[in-house]
Amino acid sequence: MALLVAAPLSLFAQKTDMGALAADLERVLGADHVEINGRPAKASAPVERPTTPFEAAVVGAMNRERVAHGLTPLDVNVRLEAAADDRIADMFDKHYFSHVSPDGIQPWNWVDQRGYDYREVGENLALGYPSADSIVDGWMRSPGHRANVLGAHFREVGVAVSQASPTNGYRGPTVVAIYGER
C-alpha cells in the first residue's frame with residue numbers, strides 16, 4: 001500500500017515573526033544563546049551533498065510534468081535539500097509519517113532551521129511507491145500534491161529519499177519534497 005500526504009503551506013508571516021523574535025533575543029542575550037525548537041537560532045550552513053540517483057529521478061519526473069504544463073523546471077536548492085534530509089531523519093527517529101511531527105514541529109520549521117529565506121513553502125510526502133515516476137504520478141493524481149508540483153510560484157526544491165519506512169506496516173521508499181519560493 002502506498003501513501004501520499006500533501007500540504008501546501010503559506011506561512012510567511014509566522015516565519016518572519018519567528019526570525020524577528022530570534023534576532024531581538026540575540027541582540028539582548030548575545031549570539032549563541034537563542035534556540036528555536038531546541039536548535040540554535042542561527043541557521044546552520046548546509047553541507048552540499050551529492051543528489052542520489054533516486055532523488056534526481058524524482059526531480060526529473062516533477063520537471064517533466066512542469067515542462068508539459070508550460071512551467072519552468074525546479075532547481076535543486078542545497079538548503080531545501082538539507083531541510084528535506086533533516087525532515088526525513090526526524091520521521092525515522094520518531095517513527096511517524098505526517099506533515100506535523102509528534103512533538104508539533106511543522107514542515108516550515110525545517111526550512112527555517114536551514115536558513116532558506118522564503119515567501120512560501122510546500123511539502124509533498126510519499127511512502128511505498130517503487131519508482132520516481134510512480135511517486136510523481138501519484139502526486140499528480142492528488143489535488144494538493146499536484147498543486148505543489150505544478151506551483152508556478154515555486155522555483156526550487158529539495159528532495160530526500162530513504163528506501164525504508166519510518167513506520168511499521170508499510171514498505172519504503174519514503175520521499176520528502178520541499179518546494180520553495182523566495
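This passage describes two helices and a set of paired strands in a predicted model. Residues are numbered from 1 along each chain as its sequence is written, and side-chain values use heavy atoms, with hydrogens and water left out. Local features need pLDDT of at least 70 and side-chain atom pairs count only at pLDDT 80 or more, whereas totals for chains, interfaces and linings use all residues.

Helices (H or I, at least four residues) and strands (E, at least two) are DSSP runs, numbered from the N terminus. Helix H2 spans residues 53–68 and includes Asn-63, a residue that is buried, with a relative accessible area of 13%, where buried means under 20% relative accessible area (1.4 Å probe, protein chains only). A polar atom of the Asn-63 side chain lies 2.6 Å from the backbone nitrogen of Leu-74.

Helix H3, formed by residues 78–94, has 17 residues. At the N-terminal end of H3, Asn-77 acts as a cap, with a side-chain oxygen 2.7 Å from the backbone nitrogen of Arg-79. The buried residues of H3 include Leu-80, Ile-88 and Met-91, and just after this helix His-95 takes a positive phi of about 55 degrees.

In strand S7 (residues 174–181), eight of the eight residues are buried, with Thr-174, Val-176, Ile-178 and Gly-180 on one side and Val-175, Ala-177, Tyr-179 and Glu-181 on the other. Strands pair if DSSP finds at least two bridges between them. S7 pairs in the antiparallel sense with S5 (residues 120–127) over eight bridges, and Leu-125 stands opposite Val-176. S7 also pairs in the antiparallel sense with S6 (residues 156–162), over seven bridges, and here Ile-178 is the bridge partner of Gly-158.

Definitions and conventions. The expected span of a helix is 1.5 Å times one less than its number of residues. Buried means under 20% relative accessible area, exposed over 50%, partly exposed in between (1.4 Å probe, protein chains only). A polar contact is a pair of N or O atoms within 3.5 Å; within protein, one must be able to donate a hydrogen and the other to accept it, and residues adjacent in sequence count only if both atoms are side-chain atoms.
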